[in-house]
Amino acid sequence: MKEYYFKADNPTKSASSNLKYRNPKYLSMLNHLRFYLPQVYPKLDKILFLDDDIVVQNDLTGLWSVDLHGKVNGAVETCGESFHRFDKYLNFSNPHISRNFDPNACGWAYGMNMFDLKEWKKRDITGIYHKWQNMNEDRALWKLGTLPPGLITFYGLTHPLEKSWHVLGLGYNPSVDKKEIEHAAVIHYNGNMKPWLELAMTKYRSYWTKYIKYDHPYLRSCNLSE
């Protein structure tokens, strides 16, 4: 995985591009643990996956009884906008991609996912992930992150959840509907404007700060301001 991101002998990559590949958001090995959940939790049949930049606002118990209809991944789709379809994330000029995937297929979000681990093992999801990562050694199929290989790995195996379970965009989109935020079970600060940073969007920050215990010793060491 490190070799995948650190191609020191690649003369075509500019300095700025090289810095992009070294962003911990893309480089962190922990980011890829999401493809090994049955190995991490071998005794579980089902698991709720939550990112670290989300806020849980409502009871999520109801997710446990959602019927995934034999699919592996329950996720909120993000193709209300055309740029969240597969052609945004994958290189359809490559025949491996164009032969196997629909460019207009709907993207979905990581951040709050229900995974059926029994079905995962039955369909060898981790093996599918390994196969495509190996095929993408030269970054010809996709460039960065865990979402593109996720879209590939769970292609045809993702059940769409109601959008109110997971409202996204609070880390980059200034136009998220206030009612949607307030009625969402989970809100997600995906993007660079995290609520704990000074560049956070002020109007979204309170949804996160109202849960923060500023006197906690770990948080005091983070120099967060109320």
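# Notebook: two sheets, one cavity

I started at helix α11, whose buried residues pack against β2, α10 (178-183) and β7. Helix α11 covers residues 202-209, and the buried ones are Y204, R205, Y207, W208 and T209. A note to myself before going on: this is a predicted model.

**Entry 1: the overall count**

I looked up the inventory next. The chain holds 12 helices and seven strands. It has 226 residues, and 44% of them count as buried. For the accessible surface I got about 12900 Å², with 53% of that belonging to carbon and sulfur atoms. I also asked how far apart in sequence the contacting residues lie. Among contacts between residues at least 6 apart in sequence, 68% join residues at least 24 apart.

**Entry 2: the sheet beside α11**

Two of the partners of α11 are strands, β2 and β7, and I wanted to see their sheet. Three strands make up this open sheet, ordered β2-β7-β6, with mixed pairing. Why do β2 and β6 each have a side without a neighbour in the sheet? Both β2 (54-56) and β6 (166-167) stand at the edges with a single partner strand each, so one side of each stays without a neighbour.

I then checked how β6 meets β7. Strand β7 spans residues 186-188 and runs parallel to β6, with two bridges joining them. Across this pair, V167 stands opposite I187 in β7.

**Entry 3: the four-stranded sheet**

The other sheet I opened has four strands in the order β1-β4-β3-β5; it is open too, and its pairing is mixed. I noted β1 (46-50) and β5 (158-160) as the edge strands, each pairing on one side only. On average, neighbouring strands here are turned by 25° against each other, direction ignored.

I walked across the sheet from β1. Five bridges join β1 to β4, and the two run antiparallel. F49 stands opposite N113 in β4. Strand β4 (residues 112-116) is mostly covered, as four of its five residues are buried.

From β4 I stepped to β3, where the pairing is antiparallel over two bridges. My marker residue was G74, which stands opposite M114 in β4. G74 also stands opposite H159 in β5, so I followed it across to the edge. Strand β3 (residues 73-75) and β5 run parallel, joined by three bridges. A reminder I wrote in the margin: in a regular strand the side chains alternate between the two faces of the sheet.

**Entry 4: the cavity**

How many cavities of 30 Å³ or more are there? I found one. The largest cavity holds about 30 Å³ of space. Its lining consists of K46, L63, W64, V66, L68 and M114. I was pleased to meet M114 again, having just noted it opposite G74.

**Entry 5: E119 and R123**

Past β4 I looked at helix α7 (residues 117-122), where E119 is found. Is E119 buried or exposed? Its relative accessible area is 13%, which is under the 20% cut-off, so E119 is buried. Leaving out residues up to four places away in sequence, E119 touches G70, K71 and V72.

R123 sits in the loop between α7 and α8 (125-135). With 39% relative accessibility, R123 counts as partly exposed. Its contacts, setting aside neighbours within four places in sequence, are G70, V72, I128 and L157. I read G70 and V72 in the lists of both E119 and R123. V72 is 51 residues from R123 along the chain, and their C-alpha atoms are separated by 8.7 Å.

**Entry 6: L151**

My last stop was L151 in helix α9 (residues 147-153). Its relative accessibility is 1%, so L151 counts as buried. Which residues does L151 contact, beyond its neighbours within four places in sequence? I listed F86, Y89, G107 and W108. I also took the distance to Y110: 9.8 Å from C-alpha to C-alpha, with the two positions 41 residues apart in sequence terms.

Definitions and conventions. Residues are numbered from 1 along each chain as its sequence is written. This is a predicted model: local features need pLDDT of at least 70, side-chain atom pairs count only at pLDDT 80 or more; totals for chains, interfaces and linings use all residues. Side-chain values use heavy atoms; hydrogens and water are left out. Two strands pair if DSSP finds at least two bridges between them. Buried means under 20% relative accessible area, exposed over 50%, partly exposed in between (1.4 Å probe, protein chains only). Contact means heavy atoms within 4.5 Å. Accessible areas come from the Shrake-Rupley method with a 1.4 Å probe; for residues, only the protein chains shown count as cover. Axes are lines fitted to C-alpha atoms, for helices over the stretch in contact, and angles run from 0 to 180 degrees between N-to-C directions. On a 1 Å grid over the protein atoms alone, a cavity is a set of points where a 1.4 Å probe fits but cannot get out, and a pocket is an open set with protein on both sides within 12 Å along at least five of seven lines; lining residues have an atom within 4 Å of a point. Grid points are joined across faces, edges and corners, and a volume is the space filled by probe spheres set on the points.
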